[in-house]
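User: I should like to examine how certain structural labels are justified. Please show the model before we begin.

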Amino acid sequence: MQEGYRILEHPADVGIEVHGKSLREVFEYAALGLMSIIVDPTGIDPVEQRFLAITGTDLENLLVKWLSEILYLYDGQEFVLSDVTIERISPRRIEAFVTGDIIDPGRHQFRTDVKAVTYHQLKVEEREDGCMARVFLDI
Amino acid sequence: MLTKLDDYRFIVPKSFRDGMNVEGLIYADDELIKAIEHDQTVMQVANVATLPGLVGRSLAMPDAHQGYGFAIGGVAAADLNKGVVSAGGVGFDINCGVRLLATGYTLEEVKPKLDALLNQMFRDIPCGTGKKGLLGGLDARSLDEVLELGAHWAVRNGYGTEHDLEHIEETGKIPNANAGHVSRRAKERGHDQLGTLGSGNHFAEVQYVAELFDGEASRTFGLRPGQIVVLLHTGSRGLGHQVCTDYLEVMQAAMKKYNITIVDRQLACVPIRSPEGENYLAAMAAAANFAFANRQLITHRVREAFARVMGKQDVRIVYDVCHNIAKFEEHTVEGEQKRVLVHRKGATRAFPSHRPEIPKDYYEVGQPVLIPGSMGTCSYVLVGTERAMAETFGSSCHGAGRSKSRTAARKDITADRLILELEQKGIHVRGASKSGLTEENPRAYKDVSRVVDVVHRAGIARKVAKLVPIGVIKG
C-alpha cells in the first residue's frame, strides 16, 4: 500500500485512510491529511512551532484526541500546520512539534470546515509490514 | 430482516442484532427503504436499541442515512431513572436547526431586486470556512451570557424583538444551561463565530410560497401564495462541535464506573441522573443557546439587507426548530404520562395543537415543522400531529437526507455547470466555495418531496406549504 493519506467517502462526510511504515508516520500523515481537508497546505509557511503532548486510553482514542487537537489549533487558535514531527509515540501518549502559521485569509486558501473527529469505523493497526489508520470526520 | 408493518413503516425486530432492548421502527416507503438499507442506517438504528433504559422504539425518519453512532434521522427516548444520555445521540452540531422568516414582500416585488438583495446578504452574513462572526470576538462574560440566555441575549442587545422569541423552539433559550460546563477550548472555538453560517450543508435561501396544502395552518403561520420567505440553516458552530468532542471523552471514561457497555464507541453514554450526564446536558443546553443566538444575529442581518434593498425590513420569524438536541419532555409511554429525555439526531420536534410548548398564536393548529430541501429544489412547512405524539415522541423528519458522499457529489457536476443549471431554473447562487457548492448539489440528496410525502401519509406531520428557492447563499 502506498504510504501517505487518502480521502475516503462516507454518505455525509469524509474520512482519511493512512498508511505508513510506523505509528509515528501514520499519526503524522493523519494530521497532514486532516489539515489538507480544511485548507490548501501548499500556502502554509513554517513560521511558528508548537509542542503538543496528548494522552489517550488506547491507540484509537489517541488518534481521535491527536486529530481533535490539530482541529482545535485551527478553529480555536487559528493555527494551520504545514509540518509535523512526532518526537515520541506510544499507544497512550504522543509528543510532537507542529510547525505552521497563524491564519491569514489573504494568503491561505480554505476548503471545508471540519466539525469533529469521530469514532465511526475508526481503526489503527500495527502490522509487521507497516501501520494503517482510518478515521472519519464530521463535516 | 426488516418486517413491513404497513406502506410507511418497517420494524427492526429485536432479533436483528444481539443486545437490542427495544425494537427499531423506520419510516419509509418501498423506494426510500432501499436507500436506507444501502448503508449502515438499519444497523445504527439497531445499535441505538441496545442502549440502556430506552422507552418505546429506536426510530428513524424517512430521510435517515448513516451517521456516527446514531443514524442521521434517528430518534430515541430514555427513561429518566434507568436511561442514558448520549453526546453522539445529539451529534456534533448541537442545535443545528432551521429558521423560517416570512416577509411582507411578494415574488413580483423582490424579483427585480433579487441580485442586489443576495449581494447584500452575502456581504453581510459571514459564510464559508474561516469567517469571523458579526460581533468579532466576544469577551468571556458576554459569551457566557450568550450561552445561558441564547436568543434572549441577542434580543436584549437590540437584535430582534419579544415577538421573535415567542416563535422559537424553547423561546430560543434552553433552561438549565451552564456556561461553566463548557470548556475553555469550546469557548475559544466559538467566541468569534457568533453570527456565522459556516460551511457544509448550511445555507440561507430566499424562497417564495409556491403551494399551500392546508388553509387554516398556513393562515395561522401567516403564509400566502407568492410571498417571499427566507430559510436559514445553521447551528452552534465550533463551540457546539467541541462540546460534543469533550463530552464523548468524558462519557467514554465514565462508562466503566456505571457498568455500561456499548456496541459502537460513538454511542458513549452515561446515566441521565449522573454528574457527567447532568454536566453534559447543561453544556449541551449552552451550546444550543449559542445556536439560537447565532440564528438570531443572522436574522438581524437579513432584516438589514431587506431594509436596505427593499426599503423596509418587514421580516418576521415564523418558527425556529432544532434538528440535533436532547430534550426533557412529557410523553405517554405504555399508557402512562411520563417525563423522558428525547434524543433527536437529525429530526424535528413535531408537536400538535394544544401543547403548552408551542407559540400561543399557533396553539389551535400545532407547531410548524420546517423541512429544508436540497439546494435549488424546494422546502416544506409541515405541522405537528397527535399521531407523532403517539408514535415518535412528537418527532418528524429534518430534510431530504444525503444519498451520495461529498466526493461522489463533486464528480456529478462542475460548479460552473451547476450555477448555470440553477440560473436556468431562476435560482441565483452566491457561494463561498466552488467545491462546497458541488458537494451540496441536489443529485447528492434524496427527493425531499418523497420524504415529506411519507411523513404526511404516515401521519407524523401534515403538509402545510411548499417553498421554492429563488436565491441561495451557501457557505
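The exchange below sets computed values against the criteria behind each label.

Analyst: Please note at the outset that this is a predicted model.

User: Why is A:Glu69 called buried?

Analyst: The label applies to residues under 20% relative accessible area. A:Glu69 has a relative accessible area of 12%, so it is buried. The residue lies in helix α2 of chain A, which spans residues 59-77.

User: What makes the pairing of the side chains of A:Glu69 and B:Arg185 a polar contact?

Analyst: The criterion asks for N or O atoms within 3.5 Å, one able to donate a hydrogen and the other to accept it. The side chains of A:Glu69 and B:Arg185 are joined at 2.8 Å, and therefore the distance meets the cut-off. B:Arg185 is also among the contacts of A:Glu69 beyond four places in sequence, together with A:Leu52 and A:Ile54.

User: Why is B:Thr332 called partly exposed?

Analyst: The term covers the range between the buried limit of 20% and the exposed limit of 50%. With a relative accessible area of 47%, B:Thr332 falls in that range and is therefore partly exposed. B:Thr332 is found in strand β12 of chain B, and its side chain makes a polar contact of 2.8 Å with the side chain of B:Gln337. The C-alpha atoms of B:Thr332 and B:Phe393 are separated by 8.4 Å, although the two residues are 61 apart along the chain.

User: What makes β1 and β12 of chain B edge strands?

Analyst: In chain B, seven strands form an open sheet with mixed pairing, ordered β1-β2-β3-β4-β5-β13-β12. β1 (3-6) and β12 (324-333) each have a single partner strand, so one side of each has no neighbour in the sheet. On average, neighbouring strands in this sheet are turned by 30° against each other, direction ignored.

User: How do you know that β1(B) and β2 of chain B count as paired?

Analyst: At least two bridges are required between two strands. β1(B) and β2 (residues 9-12) share three bridges in the antiparallel sense, so the requirement is satisfied. Within β2(B), B:Ile11 stands opposite B:Thr3.

User: Which helix of chain B lies across β1, β2, β3 and β4?

Analyst: Helix α1 (residues 30-38) does so, running at about 85° to β4(B).

User: How many cavities of 30 Å³ or more does the structure hold, and what volume has the largest?

Analyst: There are two cavities of 30 Å³ or more, and the largest has a volume of about 520 Å³. It is lined by 34 residues, of which B:His65, B:Ile72, B:Asn201, B:His233 and B:His398 are the closest to its centre.

Conventions: Residues are numbered from 1 along each chain as its sequence is written. Chains are lettered from A and ligands numbered from 1 in the order in which they are written. This is a predicted model: local features need pLDDT of at least 70, side-chain atom pairs count only at pLDDT 80 or more; totals for chains, interfaces and linings use all residues. Side-chain values use heavy atoms; hydrogens and water are left out. Helices (H or I, at least four residues) and strands (E, at least two) are DSSP runs, numbered from the N terminus. Buried means under 20% relative accessible area, exposed over 50%, partly exposed in between (1.4 Å probe, protein chains only). Contact means heavy atoms within 4.5 Å. Axes are lines fitted to C-alpha atoms, for helices over the stretch in contact, and angles run from 0 to 180 degrees between N-to-C directions. On a 1 Å grid over the protein atoms alone, a cavity is a set of points where a 1.4 Å probe fits but cannot get out, and a pocket is an open set with protein on both sides within 12 Å along at least five of seven lines; lining residues have an atom within 4 Å of a point. Grid points are joined across faces, edges and corners, and a volume is the space filled by probe spheres set on the points.
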